[in-house]
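Reader: Please take a close look at one part of this model, a single loop residue, and then at the strands around which the fold is described, with the cut-offs stated for each term.

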Amino acid sequence: DISTTRQNVVAANPSRQKITFHNPGDVDIYIAPQFVQNTGTNGQLAPTTAALGGCFVVFANGGTLVIEGECQGVWQAFSASGTLKPLTVMDSNT
């Protein structure tokens with residue numbers, strides 16, 4: 001269950017080729033990689049509801065986000081508001 005506090009929702013998977021996030025809930029959910037390239041090195045990304053840089057929004061009531069290719073790292077999520085918000089994640093290695 002997702003809240004406004006950022007949390008890891010998917011562990012790293014070096015074989016991952018595609019990842020799908022689906023939001024069946026009533027509040028938008030923000031998805032972001034845990035690490036991003038920052039001047040040639042991996043830097044930890046720590047977005048918040050007030051600072052959404054680096055995030056993808058998965059809209060409420062059935063929104064879906066599919067990321068293919070370079071998506072093997074850890075992914076984190078948090079909701080626009082509220083607690084105990086649902087999020088469905090599907091990993092594909094093919």
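Author: What follows starts with one side chain and then turns to the two sheets.

The model is a predicted one, in which local features need pLDDT of at least 70 and side-chain atom pairs count only at pLDDT 80 or more, while totals for chains, interfaces and linings use all residues. Residues are numbered from 1 along each chain as its sequence is written, and side-chain values use heavy atoms, with hydrogens and water left out.

The residue in question is Arg16, found in the loop that links strand 1 (7-10) to strand 2 (18-23); strands are DSSP runs of E with at least two residues, numbered from the N terminus. With a relative accessible area of 0%, Arg16 is buried, a term that means under 20% relative accessible area with a 1.4 Å probe and protein chains only. Its side chain comes to 2.6 Å from the backbone oxygen of Ala11, and a polar atom of the Arg16 side chain lies 2.8 Å from the backbone oxygen of Gly73. If residues up to four places away in sequence are not counted, Arg16 touches, among others, Val10, Gly69, Cys71, Trp75, Asp91 and Asn93, where contact means heavy atoms within 4.5 Å.

As for the sheets, strands 7, 2 and 9 form an open antiparallel sheet in the order 7-2-9, two strands being counted as paired if DSSP finds at least two bridges between them. Strand 7 (63-68) and strand 9 (88-92) are at its edges, each with a single partner strand, so one side of each has no neighbour in the sheet. Its neighbouring strands are turned by 10° against each other on average, direction ignored, with axes taken as lines fitted to C-alpha atoms and angles running from 0 to 180 degrees between N-to-C directions. Strand 2 is joined to strand 7 by six bridges in the antiparallel sense, and in that strand 7 Glu68 stands opposite Lys18.

The other open sheet has four strands in the order 1-8-3-6, again with antiparallel pairing; its edges are strand 1 and strand 6 (56-58), each of which pairs on one side only, and the twist averages 40° from one strand to the next. Within this sheet, strand 3 (residues 29-33) and strand 8 (residues 75-79) are antiparallel partners over five bridges, and Ile29 has Ser79 as its bridge partner in strand 8.

Technical notes: Buried means under 20% relative accessible area, exposed over 50%, partly exposed in between (1.4 Å probe, protein chains only). A polar contact is a pair of N or O atoms within 3.5 Å; within protein, one must be able to donate a hydrogen and the other to accept it, and residues adjacent in sequence count only if both atoms are side-chain atoms.
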